[in-house]
Amino acid sequence: MMEELKMPRHVAIILDGNGRWAKAKGMPRNYGHVQGAKTVEVICEEAYKMGIQYLTVYAFSTENWNRPQDEVDALMKLLRNYMKTCLKTAEKNRMCVRVLGEKARLAPDIRTRIEELEEATKHNDGLHFQIAINYGGRDEIVRAVRKMAKEVAAGSLTPDDISEESLSGLLDTAGVPDPDLLIRTCNEQRISNFLLWQLAYTEFYFTEVAWPDFTKEELRKAVEAYNHRNRRYGGLSD
């Protein structure tokens, strides 16, 4: 039974296959993205019911700007709508929401909605939900190193003070525990520049199921697989 499973504290998900799922149904790619956003809502609720404390999803990468302009525009429209939906969901489920990534490239109205969402939910005690938007793992590390370099130049930090902990504290995920489990859908088996620093000791789970078809049953399968892994302190196994 689900209660007997050890729940990962933090699950990260690469939401893959929206476009392929839609194409297989004879629908435009944007239809897949809309359905994928609905799946996010379902999985947020199910993850919290299962006892997962942190959920991080990869919604839009720094590389996604290279997609066709009409698809990018549609994704930005979807993002605007999702910010409204997410705020309502967060109020109902007491979800604490944080957006990861470089926000400067996003439109001003989207940045404003992100700020409003984070501010309105920061004291909520339900699921901690992180959405990676215009996010890239290398970009995140570079931005953190720049902050650190400025502190060194200002004399508030010495090179000897630099540590894993001090760098972690400057990442977008500061204060959030590293993922225990990474899920990637639609049969892709790579991490695509996602949470490069944070995934150092994370267990990976790959499934052929496209993201719009990912259900609470599929989430359970991933957690069951996680429970069968032989994990040891420090990430090493026998």
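**Helix H7**

I began with the C-terminal part of this predicted model and listed the buried residues of H7, which are Glu218, Leu219, Ala222, Val223, Ala225 and Tyr226. Looking down the axis of H7, I found that these buried residues fall within an arc of 160 degrees, so they line one face of the helix. I recalled that an α-helix has 3.6 residues a turn, so residues three or four places apart point the same way. I then looked up what covers the buried residues of H7, and noted that the cover includes helix H2 (29-50), strand S5 (181-184) and S6. For its length, I noted that H7 spans residues 216-227, 12 residues in total, and reaches 16 Å from its first C-alpha to its last, close to the 16 Å expected at 1.5 Å a residue.

**The sheet**

I traced an open sheet of 6 strands, whose order is S3-S4-S2-S1-S5-S6 and whose pairing is parallel. At the edges I found strand S3 (96-100) and strand S6 (203-206), each of which pairs on one side only. From one strand to the next, I noted a twist that averages 20 degrees. I looked more closely at strand S1 (residues 10-14) and strand S2 (residues 54-61), which pair in the parallel sense over 5 bridges, and I noted tyrosine 54 in S2 as the bridge partner of histidine 10. I also followed H3, which lies across S2, S3 and strand S4 (128-135) and runs at about 165 degrees to S4.

**The nonpolar cores**

I next turned to the largest nonpolar core, which has 45 residues, and found that Ile13, Leu55, Phe129, Ile131 and Ile183 touch the most other members. Helix H3 (residues 69-93) gives the most to this core, with 8 residues. I took leucine 55 as an example and, leaving aside its neighbours within four places in sequence, listed its contacts as His10, Val11, Ile13, Ile43, Cys44, Ala47, Leu127, His128, Phe129 and Gln130. Apart from the largest core I found another, of 10 residues, among them Ile14, Leu100, Tyr135 and Leu195.

**Aspartate 161**

Finally I looked up aspartate 161, which I found in the loop between helix H5 (137-154) and helix H6 (164-168). I asked myself whether aspartate 161 counts as buried, exposed or partly exposed. Its relative accessibility is 43%, and because partly exposed covers the range between 20% and 50%, I entered aspartate 161 as partly exposed. I also noted the separation of aspartate 161 from glutamine 69, which is 92 residues in sequence and 44 Å in space, C-alpha to C-alpha.

Definitions and conventions. Residues are numbered from 1 along each chain as its sequence is written. This is a predicted model: local features need pLDDT of at least 70, side-chain atom pairs count only at pLDDT 80 or more; totals for chains, interfaces and linings use all residues. Side-chain values use heavy atoms; hydrogens and water are left out. A nonpolar core is a set of buried Ala, Val, Leu, Ile, Met, Phe, Trp, Tyr and Cys residues joined through side-chain atoms within 4.5 Å. Buried means under 20% relative accessible area, exposed over 50%, partly exposed in between (1.4 Å probe, protein chains only). Helices (H or I, at least four residues) and strands (E, at least two) are DSSP runs, numbered from the N terminus. Contact means heavy atoms within 4.5 Å. Two strands pair if DSSP finds at least two bridges between them. Axes are lines fitted to C-alpha atoms, for helices over the stretch in contact, and angles run from 0 to 180 degrees between N-to-C directions. The expected span of a helix is 1.5 Å times one less than its number of residues. The arc is that of the directions from the helix axis to the C-beta atoms.
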